[in-house]
Amino acid sequence: MTKKQITKSVFVFAAFLFSQSAFSSATIESEFELVLPKQFQQNLIEEKWKSLVNKEFQANWQFPDQMVEAQDGVQVQLQGLSLALKTQLQKPDLGSEQTQLILQSKDLSAQMTIASISVDQWIERTVNGITGRFHLQASCSNVVLNMKPGTGSFSIAVSPEVASSTANGRVEDVTLSWQQDAWSAQAFSCTGADGFDQIVNQQISQISMDSAAFVNPKKALLLSYLNDYVGKWSFDLSTPRELVSARSDIKMSMVIDSFNDTNPDEITAKGRVIMNFTRSTQNTTKSLALSKEDPKLGTSSQAMIRLPGGLAKEIMTQAYAADSWVHQFYSTQISGFSTVMNSRFMQWFVWPELMDYPKSSKFLFNVYSNKDPKVTGSGLKYQVNLNLLSQMQAPKNGNYIPFMNFVVPFNSGVTVGISDSKASVKFTNTTMDLKYSWDPSYVKRYSPKTRFAASTIEGKILGAISGKTMDVALPAIPVMEGVKLKIKKATSLSNSDLLLQLAP
């Protein structure tokens, strides 16, 4: 059973999921190649955009002063024009051409403010055959228009954009429209010529009746504002990423060293996986390179990461190097042991000393190795030969005391499969030779019944391991802030490299 606990940790690519460390005694550096197809880049940015759509979109856009022509050729000056929007951008969907992300407003509210609407113009008028020139001067200040609920819509079309190591979105188009009679004006004051407020109301009516005439001349400026806004959600692929560890003494990070974004269909990133083994007694550094042979990956819409085929072997060897690790667990975690504890009849024949303990007793096991494991194979198939030592402790008077010691030479074939973020580990042709001894201090103090059916216990251990498959969940890989990739599938390539398919 101790073998089951050990090998479970070894063969689920836990080593691919360790975190970053600055110092260590033993180090493994491995090359990797990450391929992000164009479609996957879009999916990646769509995933990143979830952080954007979870926040209220707010804008307060300022527009240049402008001159508009009212009836009878009167030139009206609009100054201090601004438009404030509030909305919730809905979760984006890929457009019909699969090239753009569409962000659509929900519950749009808008307010337009015009600091001053004025006229200062000489005009000619003919009355009863007499033509005269008049100086028209008038102004209205602080004209505020509010959009009526449900009368307007706002959307932006965003295309993914990857330049060097930075992924972002580029706003390609913006649509802002409203229904006729969508705006209502708050009270405003005017000075100067009588009747000028009627001209102002005509301008308000014109804006309200024709959204395209108001928006289209300002579209270039709106795109500039929006690209500045969207640019806040850019992300850098080259930032070192830490990976979650199941063992605090094994640290790992991924660092991207170079990008190739010249291919219009994909971006390729090359970098290093750096693993540090802080409890290792060896002061070594080992570098692993990808195969120089063409991996023949072909085209795919999935993201992929390529690793050297021998990486897992080196990780297993180093992770379980002699005197560098200890696993501690209780007897209740071992199904075969629980069977023995629940049967006094079986205890009498195979392990009579257990009869002196309640059936609910929890024994403690410390498992380690004083010899380096021998691992052969690559990719997803291995043969492992490991020498296990186990110190068994018994519960006595609220404490644990030394009980028995085991030496377990363990040899097994291991096949690893990965599907949908789970690793399946199958043990085949497993052999072991269980050797035991009683702790001298326990024998001296308690004079135990030392009869022990090693072959029976060994058989129960083998029955729980050989031919069995265990499924272990694999943590996601954080490629960038807010975006993690899951391991969906693993295959061995013809050039012996290991290929992992990734998905958000």
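**Exercise 1. A buried aspartate**

Asp-497 is buried, with a relative accessible area of 2%, in a model that is predicted. Work out where Asp-497 is found, and which side chain makes a polar contact with the side chain of Asp-497.

*Solution.* Step one is to place the residue: Asp-497 sits in the loop between β27 (483-492) and β28 (498-503). Step two is to justify the word "buried", which applies under 20% relative accessible area; Asp-497 has 2% and is therefore buried. Step three is to list its surroundings, leaving aside residues up to four places away in sequence: Asp-497 touches Leu-290, Ser-291, Arg-306, Leu-307, Pro-308, Gly-309, Thr-491 and Ser-492. Step four is to look at polar atoms, where the side chain of Arg-306 makes a polar contact with the side chain of Asp-497 at 2.5 Å, while the backbone nitrogen of Ser-291 lies 3.2 Å from a polar atom of the Asp-497 side chain.

**Exercise 2. A network of charges**

Determine which residues are joined with Asp-497 into one network by salt bridges that share partners.

*Solution.* Begin with the general idea that side chains of opposite charge can pair when their charged atoms come close. Asp-497 forms a salt bridge with Arg-306, and the closest N and O atoms are 2.5 Å apart. This pair links distant parts of the chain, since Asp-497 is in the loop between β27 and β28 and Arg-306 is in strand β17, 191 residues apart. Next, the sharing of partners extends the picture, for such salt bridges join Glu-33, Lys-270, Arg-306 and Asp-497 into one network. Within it, Arg-306 also forms a salt bridge with Glu-33, with 3.2 Å between the closest N and O atoms. That pair again links distant parts of the chain, with Arg-306 in strand β17 (residues 303-307) and Glu-33 in strand β1 (residues 26-37), 273 residues apart. Finally, consider exposure: Arg-306 is buried at a relative accessible area of 7%, and Glu-33 is buried at 11%.

**Exercise 3. A salt bridge between loops**

The structure holds 12 salt bridges, and one of them pairs Asp-181 with Lys-148. Decide whether Asp-181 and Lys-148 are buried, partly exposed or exposed, and explain which parts the pair ties together.

*Solution.* The closest N and O atoms of Asp-181 and Lys-148 are 3.4 Å apart. Asp-181 lies in the loop between β9 (166-178) and β10 (183-185), and Lys-148 in the loop between β7 and β8 (152-163), so the pair ties together parts that are 33 residues apart in sequence. For exposure, Asp-181 has 47% relative accessibility and counts as partly exposed, and Lys-148, at 31%, also counts as partly exposed.

**Exercise 4. The disulfide**

Find which cysteines form a disulfide, and say in which strands they are located.

*Solution.* A search of the whole structure finds 1 disulfide, formed by Cys-140 and Cys-190, whose sulfur atoms are 1.8 Å apart. The pair links distant parts of the chain, because Cys-140 is in strand β7 (residues 130-147) and Cys-190 in strand β11 (residues 189-192), 50 residues apart. The link of Cys-140 and Cys-190 is right-handed, with 105 degrees about the S-S bond. The two ends are classed separately: Cys-140 is buried, with a relative accessible area of 1%, whereas Cys-190 is partly exposed, with 32%.

Terms used:
Residues are numbered from 1 along each chain as its sequence is written. This is a predicted model: local features need pLDDT of at least 70, side-chain atom pairs count only at pLDDT 80 or more; totals for chains, interfaces and linings use all residues. Side-chain values use heavy atoms; hydrogens and water are left out. A disulfide is a pair of cysteine sulfur atoms within 2.5 Å. Helices (H or I, at least four residues) and strands (E, at least two) are DSSP runs, numbered from the N terminus. Buried means under 20% relative accessible area, exposed over 50%, partly exposed in between (1.4 Å probe, protein chains only). A polar contact is a pair of N or O atoms within 3.5 Å; within protein, one must be able to donate a hydrogen and the other to accept it, and residues adjacent in sequence count only if both atoms are side-chain atoms. Contact means heavy atoms within 4.5 Å. A salt bridge is a side-chain nitrogen of Lys or Arg within 4 Å of a carboxyl oxygen of Asp or Glu.
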